[in-house]
Amino acid sequence: MEKNAKIYVAGHRGMVGSAIIRKLQQLGYTNIITRPSAEVDLRNQQQVFSFFEQEKPDYVFLAAAKVGGIYANNTYRGEFLYDNLMIESNIIHAAYVNKVKKLLFLGSSCIYPRMAPQPLKESYLLTGVLEYTNEPYAIAKIAGIKLCENYRLQYGCNFISVMPTNLYGPNDNYDLNKSHVLPALLRKIHTAKIKNIPTVEVWGSGSPLREFLHVDDLSEASLFLMENYSESELVNIGTGTEITIKDLALLIMRVADYKGEIIFDSSKPDGTPRKLMDVGKLTALGWKAKITLEEGIRMVYKDVEKMNFEE
Ligand code: GDP
């Protein structure tokens, strides 16, 4: 990407989009464009098509999506399917029509079958049944991957797909009904600490295994792939290491210096038992995650301490 190329970041207010913009700015890119959703509703085909026709971006980072944790995915099932299908179809098609040089589509590790062998290789896509709690989101993201793949095959578009593992970092969602586990536990543990509450509630059994990547590592990897990868197969982005939800809670308790007890709420779902990325392909291409989970949690906890959570 030339430093003055016109780069459109879709989803600039979200955790991923804002991290990509920070990284682009750090690296000296000068022509980054964004649009608030009040002006361009990405679910609206006409609005997206006129925006692309007007702006003619050279490069696109497709980081816009309706996202959420296990509860939101399982509750707003129709919205997760419809909104994500519309957003990606509109942007990918508009990018093709307006001759975008390259587009990077962001998916998620939940696209892989629930019981796929671990670690998850890119080739396991569509080899089994999906996890039901996030099936609508996964189906939409798989459709996005297939749009990129087939627009490449039919029209020669240089569109690539990357699949990040569970992410955390600045601009995360701390709404307990919508958030992912890491920000939720940061909020709950911090609140318990400052209010002297002796216990903290962790959903499910605590035994599922998850992998966590700081969003600043994700944005670096995304720029790296935008520069160095132009194939139709997706690429996993992760750390290659995993932790149980219970150990994650214990780690956050240590960082927050909270000495209370964990109570497991078994009425809440566990979701997929394990979700570890195989990052062999990305490593072979020449990129590795740099921020360890403990470092990342310490960085984020500094922000959490300044937040004023309403009950
Ligand atoms: P998932 O990776 O799609 O399953 O999404 P989440 O990040 O929401 O959940 C990961 C795991 O953490 C699941 O097993 C949840 O049950 C568990 N978990 C424990 N406490 C919480 C919590 O307070 N919020 C959320 N979202 N998940 C929690």
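Start at leucine 209 and select arginine 274 with it: arginine 274, in S13, is the bridge partner of leucine 209. The model on screen is a predicted one. Extend the selection to strand S8 (residues 209–210) and S13, which pair in the parallel sense over two bridges.

Now add strand S11. The three strands make an open sheet in the order S11-S8-S13, and its pairing is mixed. Strand S11 (243–244) and strand S13 (274–275) are the edge strands, each pairing on one side only.

Next, colour by domain. The domain assignment of the chain gives domain 1, made of 7–168 + 213–237, and domain 2, made of 181–209 + 242–276 + 292–304. The C-alpha centres of the two domains, domain 1 and domain 2, lie 28 Å apart. To see where they meet, display the contacts: 16 residues of domain 1 are in contact with 16 residues of domain 2.

Move to the six-stranded sheet. This open sheet has the order S2-S1-S3-S4-S5-S10, with parallel pairing. Its edge strands, strand S2 (32–33) and strand S10 (235–237), each pair on one side only. Select strand S5 (residues 159–164) together with S10: the two run parallel and are joined by three bridges. Within this pair, methionine 163 stands opposite asparagine 236 of S10.

Keep the sheet in view and select helix H4 (residues 77–97), which packs on the sheet. Helix H4 touches strand S1 (7–10), strand S3 (59–62), strand S4 (102–106) and S5. Look along S3 and compare directions: that of H4 makes about 170° with that of S3.

From S4, follow the chain into the loop that leads to helix H5 (135–155), where proline 119 is found. Which peptide bond here is cis? The bond from glutamine 118 to proline 119 is, with omega near -5°. Further along, select leucine 126, which is found in the loop between S4 and H5 as well. Leucine 126 has a positive phi of about 60° although it is not a glycine. For context, most residues other than glycine have a negative phi, and most peptide bonds are trans.

The last stop is a cavity. A search of the whole structure finds one of 30 Å³ or more, and the largest cavity has a volume of about 50 Å³. To outline the largest cavity, select Ser109, Cys110, Tyr112, Pro113, Arg114, Gln118, Leu120, Glu131, Asn134, Thr272, Arg274 and Lys275, which line it. This lining divides into four nonpolar, four polar and four charged residues. Two names recur from earlier stops: Gln118 and Arg274 are among the lining residues. Gln118 precedes the cis bond to proline 119, and Arg274 is the bridge partner of leucine 209.

Where does the largest cavity lie with respect to domain 1 and domain 2? Both domains give residues to its lining, so the largest cavity lies between them.

Methods. Residues are numbered from 1 along each chain as its sequence is written. This is a predicted model: local features need pLDDT of at least 70, side-chain atom pairs count only at pLDDT 80 or more; totals for chains, interfaces and linings use all residues. Side-chain values use heavy atoms; hydrogens and water are left out. Two strands pair if DSSP finds at least two bridges between them. Helices (H or I, at least four residues) and strands (E, at least two) are DSSP runs, numbered from the N terminus. Contact means heavy atoms within 4.5 Å. Axes are lines fitted to C-alpha atoms, for helices over the stretch in contact, and angles run from 0 to 180 degrees between N-to-C directions. On a 1 Å grid over the protein atoms alone, a cavity is a set of points where a 1.4 Å probe fits but cannot get out, and a pocket is an open set with protein on both sides within 12 Å along at least five of seven lines; lining residues have an atom within 4 Å of a point. Grid points are joined across faces, edges and corners, and a volume is the space filled by probe spheres set on the points. Ala, Val, Leu, Ile, Met, Phe, Trp, Tyr, Cys and Pro count as nonpolar, Asp, Glu, Lys and Arg as charged, and the others, Gly among them, as polar. Domain bounds come from an automatic or database domain assignment.
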